[in-house]
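User: Could you walk me through the spaces inside this model and tell me how each label was earned? I'd like the reasoning as well as the values.

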Amino acid sequence: MFIKQATLYHLVMPLKETFKTGYGVMKDKHLCIIKLVSNDGIEGYGELDAFLNPWYTEETTKTAILIIKDHLLPMIKSVNLENPTQINQIFQVIRGNEMAKSAVETAVWDVFAKISGQPLTTYLGGELSDISVGVSVGIKENSDELVKVVRRYVSEGYSRVKLKIKPGFDVEQVDKIRRNFPNLSLMVDANSSYRKSDIAVFKQLDQYSLAMIEQPFGVTDFVDHAWLQKQIQTPICLDENIRSLADVRQASELNSAKAINVKIARVGGLTEALKIATFCSENGMIAWCGGMFEAGIGRAHNIALASRAEFTFPGDISASNRYFERDIIKGEFRINNGKITTPMGLGIGVEIDRESLDFYCKRRENIVLN
Ligand code: OSB
Ligand code: MG
């Protein structure tokens with residue numbers, strides 16, 4: 001199989017609610033949909049989920065698009081691809097830039113799944129026809145508002161809630177939510193905003209039966225996370241620290257964490273995400289599927305990954321309407337009985353809503369690869 005053509009759709013999608021984390025505030029989701037076309041005319045879709053600002057990782061929407069156009073697409077030009085995992089190998093030569101790699105790599109997986117006549121979910125070895133889902137809630141200065149928002153999500157069927165925290169917005173918020181929802185599967189995500197000197201905060205959070213505490217410390221601090229994990233019962237989950245299987249092995253060796261937030265985009269694509277999931281299940285770590293406010297294409301890839309048996313803990317995979325007034329796919333993802341149904345159409349199993357794509361699309365580029 002040869003990739004002969006690529007189209008990049010540059011989209012700006014307003015978020016229904018601004019989202020606040022320890023990094024800052026986000027109002028719009030800037031993303032790029034990448035369509036690849038094979039020599040037989042099979043189309044595969046991927047989503048570039050880098051952000052406008054390089055706060056979560058070093059990449060930005062602009063740098064990732066540059067890497068895709070100047071480096072990644074030229075590397076697969078005229079290459080006879082036999083297997084989607086080959087892309088991971090080919091892209092090893094390029095350091096970092098995982099989100100750029102993932103946008104292309106996931107589109108190639110979609111092409112291969114379609115060629116094999118299967119939904120991506122079964123092509124990836126997924127077994128679950130329904131995925132349990134959780135929701136990630138941004139920082140709310142007003143704790144009554146926080147309770148209201150959490151109550152709404154619980155009533156919509158989300159089976160796990162993740163609260164964003166930062167210094168000054170942590171124990172009090174968790175205490176309030178725990179009092180209101182004593183049996184809720186609850187966790188927090190610090191997005192790397194604490195230091196070792198904040199140990200007292202984590203000792204307090206350890207009293208609230210949290211499912212896990214995500215990324216308390218710096219993004220390369222495997223040792224400090226291990227130091228913290230020794231002192232608390234609550235599992236630490238790493239997010240920003242993890243760019244590859246090698247990072248997960250390091251976390252496992254050092255006991256830096258008991259759980260890994262697996263984001264396809266942050267680890268350079270599905271091949272690496274699958275390796276991480278396998279490693280976690282063989283080494284007693286929880287692997288679960290994270291999110292980055294994906295639109296319908298990225299969400300479909302997440303759901304396909306989360307349909308694998310390793311993903312027992314609910315992912316940050318919300319319904320389409322949690323983020324956007326209207327998604328870019330037909331038959332948006334909805335929650336039924338607390339779960340999202342795995343699409344069983346060919347490949348990613350969702351059809352682009354052309355009208356909606358055009359509505360959000362600011363610019364389109366065609367790139368011929370031969
Ligand atoms: O830290 O998990 C994170 C969104 C963007 C970047 C980083 C993170 C997040 C979320 C939202 O928590 C997850 C989602 O619902 O898509
Ligand atoms: Mg996180």
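Analyst: Happy to! One term first: strands here are DSSP runs of E with at least two residues, numbered from the N terminus. Please keep in mind that this is a predicted model.

User: Which strand gives the largest share of the lining of the largest cavity?

Analyst: That is S2, with three residues. Strand S2 (24-38) is listed with strand S1 (3-21) and strand S6 (161-164) as the elements that give two or more residues to this lining.

User: What makes this space a cavity and not a pocket?

Analyst: The test is whether a 1.4 Å probe that fits can get out: in a cavity it cannot, whereas a pocket is an open set. The search of the whole structure finds six cavities of 30 Å³ or more, and the largest cavity holds about 240 Å³ of space.

User: Which residues lie nearest the centre of the largest cavity, and what makes a residue part of its lining?

Analyst: A lining residue has an atom within 4 Å of a point of the cavity. For the largest cavity, 22 residues line the space, and Phe 19, Lys 164, Lys 263, Gly 291 and Phe 293 lie nearest its centre. By class the lining has nine nonpolar, five polar and eight charged residues. Gly 291 is among those nearest the centre, and Gly counts as polar under the rule used here. Domain 1 (3-117 + 354-368) and domain 2 (122-341) each supply at least three residues of the lining.

User: How do you know where the second largest cavity lies with respect to the two domains?

Analyst: From its lining: both domain 1 and domain 2 give residues to it, so the second largest cavity lies between them. Its volume is about 100 Å³. The lining includes Glu 47, Asp 49 and Ser 102, and also Lys 263, His 301 and Asn 302. H3 and helix H11 (296-306) each supply at least two residues, and H11 gives the most, with three. The classes here are two nonpolar, five polar and four charged.

User: And the largest pocket, why does it lie where it does relative to the domains?

Analyst: The reasoning follows the lining again: domain 1 and domain 2 both give residues to it, so the largest pocket lies between them. Its volume is about 240 Å³, and 14 residues line it, with Gln 92, Glu 98, Lys 101, Arg 243 and Ser 244 nearest the centre. Helix H2 (85-91) and helix H3 (98-115) are the elements that give two or more residues; H2 gives the most, with three. Four of the lining residues are nonpolar, five polar and five charged.

User: How do you know how much area domain 1 and domain 2 bury between them?

Analyst: Buried area is the accessible area that the two parts lose on being put together, summed over both. For this pair the value is about 3700 Å², with 59% of it on carbon and sulfur atoms. The domain centres, taken over C-alpha atoms, are 23 Å apart. The contact takes 41 residues from domain 1 and 45 residues from domain 2.

User: Why is the pair Glu 17 and Arg 152 called a salt bridge?

Analyst: The rule asks for a side-chain nitrogen of Lys or Arg within 4 Å of a carboxyl oxygen of Asp or Glu. The closest N and O atoms of Glu 17 and Arg 152 are 3.3 Å apart, so the pair meets that cut-off. Across the interface of domain 1 and domain 2, the rule finds six salt bridges.

Conventions
Residues numbered from 1 in each chain as written. Chains lettered and ligands numbered in written order. Predicted model: local features only at pLDDT ≥ 70, side-chain atom pairs only at ≥ 80, totals over all residues. Heavy atoms only, no water. 1 Å grid on protein atoms, 1.4 Å probe; cavity = no way out; pocket = protein on both sides within 12 Å on 5 of 7 lines; lining within 4 Å. Points joined across faces, edges and corners; volume = space filled by probe spheres on them. Helix = DSSP H or I, 4+ residues; strand = E, 2+ residues; numbered from the N terminus. Domains from an automatic or database assignment. Contact = heavy atoms within 4.5 Å. Buried area = accessible area lost by both parts, 1.4 Å probe.
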